[in-house]
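Okay, thanks for making time, everyone. I'll put the structure up and then walk you through the parts I'd look at.

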Amino acid sequence: MNSRERFQAACRNGKVDRPPVWLMRQAGRTLPEYRELRANHSFWDVCRTPELAAEVTMQPLRRFPIDAAIIFSDILVVPDAMGMNIEFTPAPVIDQTIETMEDVKALKRPDVEKALGYVAGALKEVRSQLGSERALIGFAGAPYTLACYMVDGMGKKGFVKTRGMMYSHPELMHALMDKVTDVLIDYLTMQVESGIDAFQVFDSWGGDLPPDQFEAFALPYVARIMERLKGKGAASIYYVNGIGNVLELASQAGSDVLGVDWRISMEDVRRRLPGRVVQGNLDPTALYGNPEDIGNRVHRILDATGGQGHILNLGHGLNPSTPIEGIDAFVRSVSTWKKSS
Ligand code: CP3
């Protein structure tokens, strides 16, 4: 079984020789070769130049025996393509945020092949470098998480403007989410046609919502994306940061795989959603610990799922200062795990 077969099988709860492994934010500032490349190219240049994006995507695969590549890009390329001007400092900055219905109406519904064709170009380049040995993952931000940046801008202080708008002007929030969702469906369809095995929808701030607001504003739009992408040839992963609060609801979005953050134990996830295919969920800061401790923690997570219907990952993205040895210990511990019968 090669990495791609293993990854594809796990997404569909099939039999695997061992669970597949990859890491959120595996390409990026943790790697010295990435920092070196960024010394000569801006973040936007890397994203918009397929050869550079492909190179950065491949960097972690040369270092670690991971089963999948995730395309190097950012969730904010979508609001950018809709006409908002995004800068990375490296934290994202958006000057003109969404405040009125006129602002929502002024957002473009771009032709994704034109506005985001650079992502398709990068995906095709990575696919040709990977061949059929390893899996390729595309991604997009969830409508709610994108709305957080589009309404609040910098995204500090708990996205108070966005969350407040859901109570003060619910129709405005729904209009924004609706428009973003249409673009995301076009964008992910383009990614599927460019050769991905799976796409991950990142709801990085979805877990900040009380369950009723999550159900009313976040869930229906993600469910629409999953529904429209079903059967097109790629598996779907729905990652919610802070999912413990809304685990059963998030599961209803209809993704093939549910991405779980580190705040909840895998034992608890299995109890609440038996048989659900899951991804996660080691605390990213556990990688600052010693290799033996990392291995033990990974093995405990694998014991909880029995390695079945499980893609091993962190509970959120790698921090830039993570020691390389910690990443290495994490990746290798999937191969030293023995299923207890
Ligand atoms: O390896 C991978 O996972 C692919 C790369 C990737 C990036 N952004 C590159 C990036 C992915 C999957 C993303 C998604 C993303 N972007 C999310 C969702 C994932 C999550 O962590 O919850 C979010 C919320 C964003 C928005 C964003 N973009 C932020 C908050 C930042 C600042 C991050 C920071 O650590 O300072 C960015 C910029 C960004 N995106 C960087 C990278 C490598 C840093 C830019 C640089 O190289 O200087």
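So, which element gives the largest share of the lining of the largest pocket? That would be α2, with 3 residues. Before I go on, please keep in mind that this is a predicted model.

Let's stay with that pocket. Its volume is about 1100 Å³, and 36 residues line it. If you want to find the centre, look for Arg25, Arg29, Phe43, Asp74 and Pro90, which lie nearest to it. Two helices, α2 at 32-38 and α9 at 143-152, each put at least two residues into the lining. And what sort of residues are we talking about? By class, the lining has 19 nonpolar, 12 polar and 5 charged residues.

Pro90 comes up again for another reason. It sits in the loop between β2 (86-88) and β3 (92-94), and the peptide bond that joins Thr89 to Pro90 is cis, with omega at about 5°. There's a cis bond between Gly280 and Asn281 too, with omega about -10°, and Asn281 is in strand β8. I point these out because most peptide bonds are trans.

Okay, on to the sheet. In what order do the strands run? It goes β1-β4-β5-β6-β7-β8-β9, so we have 7 strands in an open sheet with parallel pairing. The edges are β1 (68-70) and β9 (310-314); each has a single partner strand, so one side of each has no neighbour in the sheet. From one strand to the next, the twist averages 25°.

Let me zoom in on a few of those pairs. Strand β4, residues 135-141, pairs with β5, residues 198-203, in the parallel sense through 5 bridges. There you'll see Phe139 opposite Gln200 of β5. Moving along, β6 (residues 235-240) runs parallel to β7 with 4 bridges joining them, and Tyr238 stands opposite Leu258 in β7. On to β8, residues 278-282: 2 bridges join β7 to this strand, again parallel, with Gly259 facing Gln279.

While we're on β7, is it covered on one face or both? Both: Val257 and Gly259 on one side are buried, and so are Leu258 and Val260 on the other. That two-sided pattern makes sense because side chains in a regular strand alternate between the two faces of the sheet.

Now some backbone oddities. Most residues other than glycine have a negative phi. Asn13, which isn't a glycine, has a positive phi of about 65°. You'll find Asn13 in the loop between α1 (3-11) and α2, and it's partly exposed, at 33% relative accessible area. Phe159 also has a positive phi, about 50°, and isn't a glycine either. Phe159 is in the loop between α9 and α10 (160-168). Is Phe159 buried or exposed? Buried, with a relative accessible area of 3%.

One more loop residue: Asn319, between β9 and α16 (324-336). Asn319 is partly exposed, at 29% relative accessible area. Compare its position with Ala69: the two are 250 residues apart in sequence, and 18 Å apart in space, C-alpha to C-alpha.

Last thing, the cysteines. How many disulfides are there? The count comes to 0. As for where to look, Cys47 is buried at 2% relative accessible area, and Cys148 counts as buried too, at 0%.

That's my tour, thanks for listening.

Technical notes: Residues are numbered from 1 along each chain as its sequence is written. This is a predicted model: local features need pLDDT of at least 70, side-chain atom pairs count only at pLDDT 80 or more; totals for chains, interfaces and linings use all residues. Side-chain values use heavy atoms; hydrogens and water are left out. A disulfide is a pair of cysteine sulfur atoms within 2.5 Å. Buried means under 20% relative accessible area, exposed over 50%, partly exposed in between (1.4 Å probe, protein chains only). On a 1 Å grid over the protein atoms alone, a cavity is a set of points where a 1.4 Å probe fits but cannot get out, and a pocket is an open set with protein on both sides within 12 Å along at least five of seven lines; lining residues have an atom within 4 Å of a point. Grid points are joined across faces, edges and corners, and a volume is the space filled by probe spheres set on the points. Ala, Val, Leu, Ile, Met, Phe, Trp, Tyr, Cys and Pro count as nonpolar, Asp, Glu, Lys and Arg as charged, and the others, Gly among them, as polar. Two strands pair if DSSP finds at least two bridges between them. Axes are lines fitted to C-alpha atoms, for helices over the stretch in contact, and angles run from 0 to 180 degrees between N-to-C directions.
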